Amino acid sequence: MFPSSEENIAQLVSVCEVHCSAQTNRVASEKDWYAILQIGRIVDESTIKRQYRKLALLLHPDKNKVVGAEAAFKLIGEANAFLLDPEKKSLYDRRHRAFKRNVVPRSPAPQVYQSDRNSGSAHEQTRWRSHL
């Protein structure tokens, strides 16, 4: 591939990743600022700054003419400002942990259908119920 094409693909992918993170990774109805910057939750300030600079170079509207690049650039700017504010970050992290504790999906209990209850021996039915 031509070098310019590879660069365009990287720019397009970066724009898509930022927008997808902003739309689908919600924490208690808030944007997932960590996902927008594409970093983990346990990071220091220098990691946040480094990742912001990396994405800013890819997404800056003067260098990236892909549709949505300017909006993605604004999103990473918001994420950077938010996560570099110790008070906002701390409150956000506490809310996120509380949200995760309250919304952890549990695996559904296996359901026994009427046809299952009527089939098999009494021993098999008892054995099946003991696993529930």
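This briefing covers the overall fold, then helix 4 and its packing against helix 3. The model is predicted. The protein chain holds seven helices and two strands. Helix 3 and helix 4 run roughly antiparallel, since their angle of about 170° is over the 145 degrees that counts as such.

**Overall fold**
- From the N terminus, the order of elements is α-β-β-α-α-α-α-α-α.
- The protein chain has 132 residues, and 25% of them are buried.
- Take the contacts between residues at least 6 apart in sequence: 56% of these join residues at least 24 apart.

**Helix 3 against helix 4**
- Helix 3 spans residues 45-59 and helix 4 spans residues 69-84.
- Their axes lie 10 Å apart.
- Helix 3 contributes Glu-45, Ile-48, Lys-49, Tyr-52, Leu-55, Ala-56 and Leu-59 to the contact.
- Helix 4 meets them with Ala-69, Ala-72, Phe-73, Ile-76, Gly-77, Asn-80, Leu-83 and Leu-84.
- By class, this contact has eleven nonpolar, two polar and two charged residues.

**Helix 4 on its own**
- Helix 4 has 16 residues, so at 1.5 Å a residue it should span 22 Å.
- Its end C-alpha atoms are 22 Å apart, which agrees with that expected span.
- Its buried residues are Ala-69, Ala-72, Leu-75, Ile-76, Ala-79, Asn-80, Phe-82 and Leu-83.
- Viewed down the axis of helix 4, these buried residues fall within an arc of 170°, so they line one face of the helix.
- An α-helix has 3.6 residues a turn, so residues three or four places apart point the same way.

Note on methods: Residues numbered from 1 in each chain as written. Predicted model: local features only at pLDDT ≥ 70, side-chain atom pairs only at ≥ 80, totals over all residues. Heavy atoms only, no water. Axes fitted to C-alpha atoms, helices over the stretch in contact; angles between N-to-C directions. Helix = DSSP H or I, 4+ residues; strand = E, 2+ residues; numbered from the N terminus. Contact = heavy atoms within 4.5 Å. Nonpolar A, V, L, I, M, F, W, Y, C, P; charged D, E, K, R; others polar. Expected span 1.5 Å × (residues − 1). Buried < 20%, exposed > 50% of the residue type's maximum accessible area, 1.4 Å probe, protein only. Arc of directions from axis to C-beta.
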